[in-house]
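Please find below my note on the structure, set out as numbered points for discussion.

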Amino acid sequence: MSAEFKCQKDQDNIYFGINVNDNELVFGEKMFELPFWDDCIEIIIKNLSSPFPLKLWISSDAKGKIRLDGRKPIGNLSYPFLWNNKGILAAQKKAEKGYSVEVMLPKNILS
């Protein structure tokens, strides 16, 4: 398994493109609250105004529908956060030997 990624930004958003090479794909076999047990992309961003990183997991369910989950740090604890409501957009497409993920992350959720 291997992956490559690119990152770009504009005035309002940060964009991620990730290509994963994997000969065994597992999507939608674990509970919604545990996307990291399936194949998923985890993006961790360190915000300079907080000592704790922001975490975002991108995966899909068994039918191919995109799943966003993650944690926004609050003090020493992390609570589930509704990423779609914060304007994050993501898409995932299976390929012959893996999958690709594109993510748009609004900069305003980092503050």
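1. I begin with the register of one strand pair. Leu 89 has Met 104 as its bridge partner in β8. This pairing belongs to the contact of β7 with β8, two strands that run antiparallel and are joined by seven bridges. Two residues lie between β7 and β8, and the two strands form a hairpin. The model is a predicted one, and the points below should be read accordingly.

2. The strand β8, residues 98-106, also pairs with β2: the two run antiparallel and are joined by nine bridges. Two positions fix this register for the reader. Phe 16 has Val 103 as its bridge partner in β8, and Ile 18 stands opposite Val 101 in β8. Strand β8 is thus described with two antiparallel partners, β2 and β7.

3. At the start of the chain, β1 (residues 2-9) pairs with β2 (residues 13-21) in the antiparallel sense, over eight bridges. Glu 4 has Asn 19 as its bridge partner in β2. Three residues lie between β1 and β2, which form a hairpin. Taken with the preceding points, the pairings can be followed from β1 to β2, from β2 to β8, and from β8 to β7.

4. Gln 92 deserves separate comment. This residue is found in strand β7, which covers residues 89-95. Is Gln 92 buried or exposed? Its relative accessible area is 18%, and because the cut-off for a buried residue is under 20%, Gln 92 counts as buried.

5. The side chain of Gln 92 makes a polar contact with the side chain of Ser 60, at 3.3 Å. Which residues does Gln 92 touch, leaving aside its neighbours within four places in sequence? They are Phe 27, Ile 58, Ser 59, Ser 60, Ile 66, Tyr 99, Ser 100 and Val 101. Ser 60 therefore appears both in this contact list and as the polar partner, given that contact means heavy atoms within 4.5 Å and a polar contact a pair of N or O atoms within 3.5 Å. Val 101, also in the list, is the residue that Ile 18 stands opposite in β8.

6. Finally, the chain as a whole. It has zero helices and eight strands, and its pattern along the sequence reads β-β-β-β-β-β-β-β. Of the 111 residues, 36% are buried. Among contacts between residues at least 6 apart in sequence, 43% join residues at least 24 apart. The chain exposes about 7500 Å², of which carbon and sulfur atoms supply 54%.

Note on methods:
Residues numbered from 1 in each chain as written. Predicted model: local features only at pLDDT ≥ 70, side-chain atom pairs only at ≥ 80, totals over all residues. Heavy atoms only, no water. Helix = DSSP H or I, 4+ residues; strand = E, 2+ residues; numbered from the N terminus. Buried < 20%, exposed > 50% of the residue type's maximum accessible area, 1.4 Å probe, protein only. Polar contact = N/O pair within 3.5 Å; in protein donor to acceptor, adjacent residues only side chain to side chain. Pairing = 2+ DSSP bridges. Areas by Shrake-Rupley, 256 points an atom, 1.4 Å probe, with all protein chains shown as cover.
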